[in-house]
Amino acid sequence: MPGIVMKFGGSSLKDAQRVRSVADIIEKNMKRRPFVVVSAHGGITDMLIAAARLALQGDVFGGFTNIEMRHRQIMDGLGIDHAVLAGNLRGLEELLRGISLVKELTPRTLDFVMSYGERMSSKVVAAYLKQRGLSAVAVNAYDLGFITDANFGGSRPLKDAPERIRSAVEQYEDDLVVTTGFIGKTAAGEITTVGRNGSDYSAAYFGAALGVDEIQIWTDVDGVMSADPSILPSARTIPVMSFSEASEVAYYGGQVLHPSTMTPAVEKRIPIRVLNTYHPDNPGTVIVADGDAPADAGIGS
């Protein structure tokens, strides 16, 4: 079973250079048996929503072309064959055509459209890791047991999801799994999204189900800050804080983690470490269960 969950957000995957940096970080942590959760490439989810709305107005290609071009640029920058995403791009185009024809965009259909972001980024990241010699495989979260209710736009996993996840992940014991944050699927086979900060929630949920030692949230800041550094230049990174303290920071406007994303980790008393892909050697902030002793300040090797 994996030892750590490593979740990489959109800003950490926004272009080819950032994907290379993420690969460096993953490779450095291979001894800890990582399980990788990815968001869509930076900005892609918004582009997908815009494309769906343009399709509703009859413009199938106004948004699609930009999405296709962005992914091709990233693949070219990494030396990845465009065939990796050919099926996904074709499926997205057909879906947008369908929206244009029926002149309807339901929450269910919008979830389906948005799911393409993570489904494509996971394939890109896995393909690049494999190119570097790692046994990486892209697997959609719902194919790893992340089965949810039908509350489109804000779904939650079913009660038996942890058991499903453990059973599914066991089949990839010799592989480096790269899976999709943010998305799931109902028992009837309809794709769902888990809503705000969805990839963080997915990471915490997978981490809790798998009983990992630590859940790492890799973003573009050096952890949880004592204040907004753009307003207060003397703001510092808080090295250790409790789940309650992190929730209070989020309640008062902190943008790093939303309290609801931490719930699965809280229940299993698994520490969450917030780290910066731009400064990977910075120890970041570790968030521990209330009453637990602070975790080791290092990030491992």
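Two strands are taken to pair if DSSP finds at least two bridges between them. The model described here is predicted. On that basis, V36 stands opposite V178 in β5. This contact belongs to the pairing of strand β2 (residues 34-38) with β5, which run parallel and are joined by 3 bridges.

Strand β5 spans residues 176-180, and 5 of its 5 residues are buried. Its side chains split into two sets. L176, V178 and T180 point one way, while V177 and T179 point the other way. Both sets are buried. Strand β5 also pairs with strand β3 (residues 136-139), in the parallel sense and over 4 bridges. Here V139 stands opposite T179.

These strands belong to an open sheet of 8 strands. The order is β3-β5-β2-β1-β8-β10-β11-β9, and the pairing is mixed. Strands β3 and β9 (240-242) stand at the edges; each has a single partner strand, so one side of each is left without a neighbour in the sheet. On average, neighbouring strands of this sheet are turned by 25° against each other, direction ignored. Further along the order, strand β8 (residues 214-219) and strand β10 (residues 272-276) run parallel and are joined by 5 bridges. Within that pairing, Q216 has R273 of β10 as its bridge partner.

A further open sheet holds 3 strands in the order β4-β6-β7, again with mixed pairing. Its edges are β4 (147-148) and β7 (191-193); each has a single partner strand, so one side of each lacks a neighbour in the sheet. Strands β4 and β6 (residues 183-186) pair in the parallel sense over 2 bridges. I147 stands opposite K185 in β6.

Helix α5 (residues 107-131) lies across β6 and β7. The helix runs at about 80° to β7. Its length can be checked against its residue count. At 1.5 Å a residue, the 25 residues of α5 should span 36 Å, and the end C-alpha atoms are 37 Å apart, which agrees. Just after α5, G133 takes a positive phi of about 100°.

S155 lies in the loop between β4 and α6 (161-169). With a relative accessible area of 0%, S155 falls under the 20% limit and is therefore buried. Leaving aside residues up to four places away in sequence, S155 touches T148, D149, T192, T193 and V194. A polar atom of the S155 side chain lies 3.0 Å from the backbone oxygen of T193.

Aromatic pairs were also counted. The total comes to 7. F146 and Y205 form an edge-to-face pair, at 5.6 Å centre to centre and with 85° between the planes. F146 lies in the loop between β3 and β4 and Y205 in helix α7 (residues 198-210), so the pair ties together parts that are 59 residues apart in sequence. Both F146 and Y205 are buried. F146 also pairs with F206, and this pair is stacked, with 5.7 Å centre to centre and 25° between the planes. The second pair likewise links distant parts of the chain, since F206 is in helix α7, 60 residues from F146 in its loop. The relative accessible area of F146 is 0%. F206 also counts as buried, at 0% relative accessibility. F35, F146, Y201, Y205 and F206 form one aromatic cluster.

Key:
Residues are numbered from 1 along each chain as its sequence is written. This is a predicted model: local features need pLDDT of at least 70, side-chain atom pairs count only at pLDDT 80 or more; totals for chains, interfaces and linings use all residues. Side-chain values use heavy atoms; hydrogens and water are left out. Contact means heavy atoms within 4.5 Å. Axes are lines fitted to C-alpha atoms, for helices over the stretch in contact, and angles run from 0 to 180 degrees between N-to-C directions. The expected span of a helix is 1.5 Å times one less than its number of residues. Buried means under 20% relative accessible area, exposed over 50%, partly exposed in between (1.4 Å probe, protein chains only). A polar contact is a pair of N or O atoms within 3.5 Å; within protein, one must be able to donate a hydrogen and the other to accept it, and residues adjacent in sequence count only if both atoms are side-chain atoms. Rings of Phe, Tyr and Trp (its six-membered ring) pair if their centres lie within 6.5 Å; planes under 30 degrees apart count as stacked, over 60 as edge-to-face and the rest as tilted.
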